[in-house]
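Could you walk me through this structure in my viewer, one selection at a time? I would like to know what to pick next and what I will find there.

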Amino acid sequence: MAYLKAQCDFGPRNPGSAGHCQCREYLVAQLKKSAEFVTTQQFVFSFGSPRQSMTGYNIIGRFRLAVRDRVLLCAHWDTRPWADEDPDAAHHQMPVLGANDGASGVAVLLHMAELIATTPPAVGVDIVFFDAEDAGTHQENRTWALGSAAFAREYAYSFNPRYAILLDMIGDAQLNIYQEAYSVEYARALVNRLWDKAAELGIDEFIPEMGYAVYDDHIPLLQAGIQSVDIIDFDYKYWHTLADTPDKCSAASLEKVGRVVTAVIYEE
Ligand SMILES: [Zn+2]
């Protein structure tokens, strides 16, 4: 939860903002404390109306580089430039804080980075924070998840993970994680494994029923041939509103998701 708040303390982290720049430096510095190797992948993308061009930054931390058998853990770190789902239309052009939608998945992975450094699992792990997930236009899939698309183009083959687990919007204090539909369709075995593990741990916020189909960062990874699951609680009243703030999130929710992912990684 401290990692979630630390990101929100930079303010909105939409591409081009001061918070985006400061948070990027923070995430690199944090990963350097635990990862064997940290790098940033830059890419150029365009977004918004009128279109503007911007540099995006995926932040990559690699653990146990000598191990060929690897898994990928990921989350988007950027926040949406527009609160276009806010009940107040006057807020639609203002950037969201993204406590849940942005900071939550990154927060869990920052903590997992520490665990992995302290007690290395048998597999190699790559943690990737994707930029430019959330500056898309509704009904236009290819305007979303641009960081993961850039990552998949450049690194899918060389990183060659056994699978990828994506965390998005997992901090909601009222946590209900249904199985995301594309994940079920294209990575059913891993979905079952994660939800079975949650049941075994008594974490019943993981509900073994099909939920929404979400065009998220796992789609470019799936298209690159990586078995990928999106762990996402898409029933969030404050999604893309100015009210997506840390008080809507809870440490307990972050912990539950972290425990499930950790259990799966350490049994490899
Ligand atoms: Zn979003």
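Start by selecting Gly202, just after helix H6, where the backbone takes a positive phi of about 75 degrees. Keep in mind throughout that this is a predicted model.

**Helix H6**

Now step back and select residues 188–200, which make up H6. Its 13 residues reach 18 Å from first C-alpha to last, close to the 18 Å expected at 1.5 Å a residue. Colour Val191, Leu194, Trp195 and Ala198: these residues of H6 are buried. Look down the axis of H6 and you will see its buried residues fall within an arc of 90 degrees, so they line one face of the helix. That fits the usual helix geometry: with 3.6 residues a turn, residues three or four places apart point the same way. Turn to the other side of H6 for Ala189 and Glu200, which are exposed.

What do the buried residues of H6 pack against? Show strand S6 (177–179), helix H5 (181–186), strand S7 (206–210), S8 and helix H8 (251–266), and you have their partners.

**Strand S8**

Of those partners, pick S8 next, residues 228–232. Five of its five residues are buried, so the strand is largely enclosed by the rest of the structure. Show the side chains: Ser228, Asp230 and Ile232 point one way from S8, while Val229 and Ile231 point the other way. Such alternation between the two faces of the sheet is what side chains do in a regular strand.

Which strand pairs with S8 in the parallel sense? Add S5, residues 164–168, and the two can be followed over five bridges. For one spot to zoom in on, Leu167 stands opposite Ile231 in S8.

**The whole sheet**

Extend the selection to the open sheet of six strands, which runs in the order S1-S2-S4-S3-S5-S8 with mixed pairing. At its edges are S1 (37–47) and S8, each pairing on one side only. From one strand to the next, the twist averages 20 degrees.

For an antiparallel pair, select S2 (residues 52–63) and S4 (residues 124–130), joined over five bridges. Here Phe63 has Val125 in S4 as its bridge partner. Then bring in helix H4 (residues 146–159), which packs on the sheet and touches S1, S2, S3 (70–76) and S4. The direction of H4 makes about 40 degrees with that of S2.

**A loop residue: Leu175**

Move to the loop between S5 and S6 and select Leu175. Is this residue buried or exposed? With 23 C-beta neighbours inside 10 Å, Leu175 counts as buried. Leaving aside residues up to four places away in sequence, Leu175 touches Glu205, Asp233, Ser253 and Lys256. Try a distance label too: the C-alpha atoms of Leu175 and Ala252 are separated by 9.3 Å, though the two residues are 77 apart along the chain.

**Zoom out**

Finally, show the whole protein chain, with its eight helices and eight strands. The radius of gyration is 17 Å, close to the 18 Å that the globule rule gives for 268 residues, so the chain is as compact as a globular protein of that length. Its C-alpha trace spans about 50 × 35 × 35 Å along the principal axes. Colour by burial and 48% of the 268 residues count as buried. As a last stop, draw the contacts between residues at least 6 apart in sequence: 80% of them join residues at least 24 apart.

How values were computed. Residues numbered from 1 in each chain as written. Predicted model: local features only at pLDDT ≥ 70, side-chain atom pairs only at ≥ 80, totals over all residues. Buried ≥ 20, exposed ≤ 12 C-beta atoms within 10 Å, placed from the backbone. Helix = DSSP H or I, 4+ residues; strand = E, 2+ residues; numbered from the N terminus. Pairing = 2+ DSSP bridges. Rg over C-alpha atoms; globule rule 2.2 N^0.38 Å. Contact = placed C-beta atoms within 7 Å. Axes fitted to C-alpha atoms, helices over the stretch in contact; angles between N-to-C directions. Expected span 1.5 Å × (residues − 1). Arc of directions from axis to C-beta.
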